[in-house]
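Please walk me through this structure. I would like to follow how the chains meet and how the helices pack.

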Amino acid sequence: MKQHLAEIEILLVEDSPYDAELTIRALRKSNLVNNIVHLTDGAEALDFIFGEGEYSGRDINNRPKLVLLDLKMPKVNGIEVLSRLKAHDHTKLIPVVVLTSSNEDPDVVACYELGVNSYIVKPVDFEGFTKAVGELGLYWVVLNQSPIR
Amino acid sequence: MAESTSHAAIDYQMVMESAPDLYLLLSPGLIIIGASDAYLTATLTKREDVMGRHLFEVFPDNPGDPNADGVRNLKASLDFVLQHRTHHKMAIQKYDIRTPDGVFEERFWSPLNKPVLDANGNVCYVIHRVEDVTELEDLRDVTLQQQVKYNELQALHKGQEILLKKTEDHFFAIFNLSPIALSMTDVVSSTYIYVNKAFEELFKMDAATIIGRTAFELGITNSAQRSETLKKMFESGGRVFGLESELGAADGSRVQVLVSIELIEFDYSNYLLSSIVDITARRSMEDELRKTNEFLDTILENIPNMIFVKDAEHLRFLRVNKAGEQLIGLTEEELLGKNDFDFFPQEQAEFFVNADRLVLENRTLLNIEEEPIQTASGQRWLHTQKIPVVENGKTLYLVGISEDITEYKKQKDAVNRLNKELESFTYTVSHDLRAPLRAINGYSKMLLEDYHKHLDTEGKRLLDVICSNAERMGKLIDELLSFSRLGKKELKKTDTDLEKIVSGLIHELTLFGYHNAKFKVDPLPVIQADPVLMKQVLTNLISNALKYSSKSNEPLVKIGCEHKGENFVFSISDNGVGFDMRYVHKLFNVFQRLHTNDEFEGTGVGLAIVQRIIHKHGGTVWATAKQNEGATFYFSIPHQ
């Protein structure tokens with residue numbers, strides 16, 4: 001059983017190890033985030049948040065300040081994770097930002113209908129990506145006053 | 001001379017011969033077997049010349065009088081008496097008498113014929129009694145009675161005057177004024193006694209021609225019609241009503257008529273009263289109507305779409321055309337009088353009938369784009385329009401027109417399916433092709449950042465090439481996606497102020513210092529277009545103009561507008577490198593470039609997007625250029 005005693009700042013749910021590495025690198029670069037939890041599929045993310053399965057016993061009150069959610073994942077996809085989070089009183093106030101590969105992604109509309117807080121397009125160019133992720137972390141983790149705390 | 005008192009001794013022959021009146025005694029075979037002296041005197045004959053001879057041999061018609069009808073009328077009267085064994089009083093009859101020297105003298109008679117019957121009621125003799133009324137002709141200023149008799153004679157001489165005397169005055173008037181052709185014929189001779197004005201007009205003959213002749217003689221009827229009519233009369237007890245017939249007029253034309261005939265009796269004579277209604281006009285109208293109906297029928301039957309008519313109340317089929325029969329797989333006979341529940345599954349019949357009711361209640365046309373129908377050949381799809389037919393404020397019928405769109409729908413569904421597939425393909429492309437590019441680019445950058453100390457200049461250059469190509473491929477994917485997405489995007493047309501869009505664009509481009517060009521912009525109109533897409537068009541064209549003139553000394557971009565017919569024609573020109581007109585036809589193809597990426601960066605999608613947007617607006621796009629002197633791009637947009 002994994003324990004995450006420190007306050008979780010960002011939960012990154014991303015199946016691509018390369019995208020995950022780039023994202024984490026960008027977040028670290030901004031020097032704003034210390035504790036990032038990276039999970040590789042939606043099912044695991046739900047277990048983590050709700051303290052079930054592999055994560056039963058985890059303090060579910062230790063909620064992330066921000067969930068960065070990739071949409072296209074095997075097993076349970078981003079949309080399902082989002083709808084579960086937004087449907088549950090315990091988790092519905094956690095800010096969720098979805099990561100998508102394309103501006104034209106029809107799933108983005110569905111995400112807004114489900115109450116997503118923002119979305120970012122993962123651009124091909126690294127600088128753009130770093131900038132976008134850095135700004136995102138700054139806003140949601142540092143500047144945003146969550147009503148949960 | 002001893003008086004004879006004994007009954008048996010009376011010499012009846014002598015008595016009869018001596019009677020003051022004019023008598024003739026005839027056998028049933030009309031052989032003269034007795035005559036009074038007075039009769040012989042009056043007829044200028046001698047007993048020995050008449051006895052034992054046939055009546056008409058002795059008394060023929062005056063051959064000098066073409067209208068002589070004495071023999072015919074007398075014979076008719078005698079025939080009547082022999083047949084009916086009852087007396088018959090003839091009308092005043094002109095019957096000329098032959099003098100001993102062979103000349104005929106004009107005479108008028110008032111005859112009465114009476115049968116003498118034996119114990120068994122058989123006719124053994126006929127007594128023919130006449131009064132010579134000829135002298136009345138010559139009397140002028142005598143007694144009133146004589147005058148009346150004289151007038152009677154004059155009047156009754158002609159057939160119609162029989163009517164005048166023997167019927168009510170108003171009946172006569174009606175007879176004459178009636179628009180219906182009326183005639184009276186002698187029942188025995190079938191000759192016309194009287195006809196009215198309408199009769200003359202109908203058969204285009206005057207009464208003088210008609211009277212005294214038979215319809216057959218006049219060519220009004222033929223023998224077949226005559227026997228047909230007689231048969232009808234016999235069957236119906238002397239009456240014919242509304243018999244349809246075609247009769248001949250004097251000019252050879254045929255008239256369509258309805259004939260009614262009634263046997264009437266005046267005094268002791270029988271006549272046929274015929275009334276003839278001319279239905280030629282009605283017939284020809286009916287013919288016209290029938291032709292019109294046939295014409296409409298032919299059209300209706302040949303229309304390749306199903307057309308049906310239902311009555312508004314019970315929604316039963318009143319009419320189904322050939323296409324409908326073929327579609328449903330039942331004949332019109334099988335369909336007529338039935339409703340949808342008789343042929344279709346319950347659920348489907350309810351669907352049809354509910355739509356019908358809606359149309360009839362709202363009295364509006366209903367357009368059903370896609371309507372499933374279960375037919376003999378399986379499930380089909382129809383495009384149906386249902387129309388209420390209102391007459392005098394009442395909804396009477398429901399008319400349906402259905403086009404079989406099964407094949408079209410199959411194709412449409414296939415296209416939709418392909419579009420869906422294409423959409424999921426684009427989605428996959430955008431996601432899955434970009435992810436490895438991101439890794440290539442990102443990891444190269446990480447290599448540059450983390451290991452720059454270990455790389456020499458050439459190593460760094462190689463990594464830069466990798467990065468820039470990955471980025472370029474990302475851009476290509478993005479533009480290709482946005483281009484393909486344009487295909488299904490619907491236009492949202494509204495008032496679009498092009499001048500505002502252009503000045504906004506120039507402001508943006510200038511603000512970010514992307515160029516050092518001068519602009520010359522004509523006044524631009526407000527047009528009906530999709531503003532988002534028009535901005536895209538102008539962005540692409542102005543960016544191109546700036547890009548390809550960026551290496552000129554004094555870059556100048558001109559934007560103009562002209563009215564040409566029903567279109568606005570816009571132009572964007574620059575004084576840049578232009579292009580070779582030999583390749584102008586390739587200009588608007590996707591991924592087509594006329595310059596290398598080293599000369600000018602680009603993906604070759606921009607102009608393809610421009611063309612697609614302009615086509616969607618109903619316009620066209622074209623370009624002219626000269627190498628190293630500049631290019632002008634034109635596009636037209638319809639006013640409306």
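What follows goes from the interface between the chains to the packing of single helices.

Keep in mind that this is a predicted model.

Start with the interface. The size of an interface is often given as the accessible area lost when the parts come together. Between chain B and chain A, about 2000 Å² is buried. Carbon and sulfur atoms give 53% of that area. Chain B brings 20 residues to the contact, and chain A brings 22 residues.

Charge pairs also link the two chains. Side chains of opposite charge can pair when their charged atoms come close. Five salt bridges are counted between chain B and chain A. B:Lys445 and A:Glu127 form a salt bridge through their side chains, with N and O 3.0 Å apart.

Now look at the helices across the interface. Two packed helices are described by the angle between their axes and the distance between the axes. Helix H1 of chain A covers residues 17-29, and helix H17 of chain B covers residues 406-451. Their axes come within 10 Å and cross at roughly 45°. H1(A) and H17(B) are therefore oblique to each other. Their crossing is left-handed. On the side of H1(A), the contact uses A:Pro17, A:Tyr18, A:Asp19, A:Glu21, A:Leu22, A:Arg25 and A:Lys29. H17(B) answers with B:Arg438, B:Ala439, B:Gly442, B:Tyr443, B:Met446, B:Glu449 and B:Asp450. By class, the residues of this contact of H1(A) with H17(B) are six nonpolar, one polar and seven charged.

H1(A) also packs within its own chain. Its partner there is helix H5 of chain A, residues 126-143. The axes of H1(A) and H5(A) lie 8 Å apart, at an angle of about 60°. This pair is therefore oblique. The crossing of H1(A) and H5(A) is right-handed. From H1(A) come A:Leu22, A:Thr23, A:Arg25, A:Ala26, A:Leu27 and A:Lys29. They meet A:Phe126, A:Phe129, A:Thr130, A:Val133 and A:Gly137 of H5(A). The contact of H1(A) with H5(A) has six nonpolar, three polar and two charged residues.

Next, turn to a pair inside chain B. Helix H19 spans residues 498-511 and helix H20 spans residues 531-549. Their axes come within 10 Å and cross at roughly 45°. H19(B) and H20(B) are therefore oblique to each other. Their crossing is right-handed. H19(B) contributes B:Leu498, B:Ile501, B:Val502, B:Leu505, B:Glu508 and B:Leu509. H20(B) contributes B:Pro531, B:Met534, B:Lys535, B:Leu538, B:Thr539, B:Ile542 and B:Leu546. The contact of H19(B) with H20(B) divides into 10 nonpolar, one polar and two charged residues.

Finish with the salt bridges as a whole. Over all chains, the count comes to 46 salt bridges. One example within chain B joins B:Lys197 to B:Glu200, with the closest N and O atoms 3.7 Å apart. Both residues sit in helix H10 of chain B, residues 197-203. B:Lys197 and B:Glu200 are three residues apart in this helix, so about one helical turn separates them.

Key: Residues numbered from 1 in each chain as written. Chains lettered and ligands numbered in written order. Predicted model: local features only at pLDDT ≥ 70, side-chain atom pairs only at ≥ 80, totals over all residues. Heavy atoms only, no water. Axes fitted to C-alpha atoms, helices over the stretch in contact; angles between N-to-C directions. Helix = DSSP H or I, 4+ residues; strand = E, 2+ residues; numbered from the N terminus. Parallel < 35°, antiparallel > 145°, perpendicular 65-115°, else oblique. Left-handed = near helix turned anticlockwise from the far one by under 90°. Contact = heavy atoms within 4.5 Å. Nonpolar A, V, L, I, M, F, W, Y, C, P; charged D, E, K, R; others polar. Buried area = accessible area lost by both parts, 1.4 Å probe. Salt bridge = Lys/Arg side-chain N within 4 Å of Asp/Glu carboxyl O.
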